[in-house]
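Here is a friendly walk through a protein model, one piece at a time. Keep the 3D view open and follow along as each part comes up.

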Amino acid sequence: MKRIPVQTKKRGKATRETHLGRLILFVEGKSELAYFNALKEMVRQDRYSNLEPVNCKGKTATNVLHRAEKFFQSNPRAADHRDDAKYLVFDCDAPPEIGELIREMRKKGYKTLYSNACFETWLLMHVEDVKQKYTVEEAEDRLTKWLGARYKKGDAKQIQRIIEGKNIAKAIERAQARCKQNADKKYNICRDVPDMNPCTSVHVLVQELLPNNDQ
């Protein structure tokens with residue numbers, strides 16, 4: 001993905017901005033779709049040509065890959081996205097051979113944004129430091145407690161609350177800390193998924209999209 005650096009200033013501080021080009025994200029479900037649609041609204045137009053999340057409406061990472069492959073093989077719109085940076089956004093709770101699947105995704109040229117065990121792990125990092133393993137249901141219960149109302153997958157208003165203020169910057173810091181711990185232990189997501197729960201790589205793209213979010 002070609003990046004063109006531009007030096008600029010914001011609030012009296014020198015910051016570095018980047019044109020990220022065109023991005024297409026194949027996401028596992030409606031929570032991921034709502035999140036990246038919200039980010040799309042936050043990203044200034046001069047930072048990218050197009051950011052398009054595509055809902056794969058599936059239950060597993062396998063479906064995300066299959067839907068992406070089908071899109072590029074048969075969708076009339078595929079030609080418009082041939083040169084886009086291609087991302088797959090998925091959970092690590094299924095299938096059991098998720099590590100092998102991630103290898104396959106990468107061999108096919110996709111960038112992988114995983115959440116272990118689920119996307120709600122990444123959402124939860126916005127509002128608390130996630131240090132222990134949570135099932136999907138437990139992560140949703142934690143979000144419900146923070147929201148003061150039942151967490152609903154794909155609820156745009158709830159997503160807006162979760163990402164407001166400094167919450168994205170906090171989530172990035174927490175995700176980076178978990179990644180460092182895993183790196184120190186020489187863990188690899190293609191081999192050590194059970195040992196790397198909780199963790200995520202979603203923050204890598206989010207930080208590129210919103211480099212000045214901590215200001």
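**A guided tour, starting from the sheet**

First things first: what you are looking at is a predicted model. A good place to begin is the open sheet, where 5 strands line up in the order β4-β3-β5-β6-β7 with mixed pairing. At the edges sit β4 (50–55) and β7 (199–200), each of which pairs on one side only.

Now look at β6, which covers residues 111–116. Its partnership with β5 is parallel and runs over 5 bridges. To spot that pairing, find Y87, which stands opposite K111 in β6. With β7, strand β6 runs antiparallel, and 2 bridges join the two. Here the residue to look for is S115, whose bridge partner in β7 is T200. Is β6 buried or exposed? Of its 6 residues, 5 are buried, so the rest of the structure largely encloses this strand.

Next come the helices that lie against the sheet. Helix α1 (residues 30–42) stretches across β3 (22–27), β4, β5 (85–91) and β6, and it runs at about 165° to β4. Helix α3 packs on the sheet as well, touching β5 and β6, and its direction makes about 170° with that of β5.

Helix α3 (residues 98–107) also has a helix for company: α2 (residues 61–74) packs with it at an angle of about 20°, and their axes are 10 Å apart. Angles under 35 degrees count as roughly parallel, so that is the label for α2 and α3. The crossing of these two is left-handed. Which residues of α2 and α3 make the contact? On the α2 side they are A61, T62 and L65, and on the α3 side I98, L101, E104 and M105. Sorted by class, that makes 5 nonpolar, 1 polar and 1 charged residues.

A second helix pair gives another picture. The axes of α5 (136–147) and α6 (156–163) come within 11 Å and cross at roughly 80°. Since 65 to 115 degrees counts as roughly perpendicular, α5 and α6 are therefore described that way. Here L143, W146 and L147 in α5 meet Q158, R161 and I162 in α6. This contact has 4 nonpolar, 1 polar and 1 charged residues.

Between α5 and α6 there is a loop, and R150 is in it. With 52% relative accessibility, R150 counts as exposed, because the cut-off is over 50%. Even so, R150 has contacts with D141, T144 and Q158, leaving aside its neighbours within four places in sequence. From R150 to E140 it is 10 residues in sequence and 8.5 Å in space, C-alpha to C-alpha.

Finally, a few backbone oddities. Most residues other than glycine have a negative phi, and most peptide bonds are trans. Look at the loop between β4 and α2, where K57 sits: its phi is positive, near 50°, and K57 is exposed at 68% relative accessible area. In the loop between α7 (167–184) and β7 you will find K186, with a positive phi of about 60°. K186 is exposed too, at 69% relative accessibility. That loop also holds P198, and the peptide bond from N197 to P198 is cis, with omega near 10°. Another cis bond leads from A94 to P95, with omega near 0°; P95 is in the loop between β5 and α3.

Terms used: Residues numbered from 1 in each chain as written. Predicted model: local features only at pLDDT ≥ 70, side-chain atom pairs only at ≥ 80, totals over all residues. Heavy atoms only, no water. Axes fitted to C-alpha atoms, helices over the stretch in contact; angles between N-to-C directions. Helix = DSSP H or I, 4+ residues; strand = E, 2+ residues; numbered from the N terminus. Parallel < 35°, antiparallel > 145°, perpendicular 65-115°, else oblique. Left-handed = near helix turned anticlockwise from the far one by under 90°. Contact = heavy atoms within 4.5 Å. Nonpolar A, V, L, I, M, F, W, Y, C, P; charged D, E, K, R; others polar. Pairing = 2+ DSSP bridges. Buried < 20%, exposed > 50% of the residue type's maximum accessible area, 1.4 Å probe, protein only.
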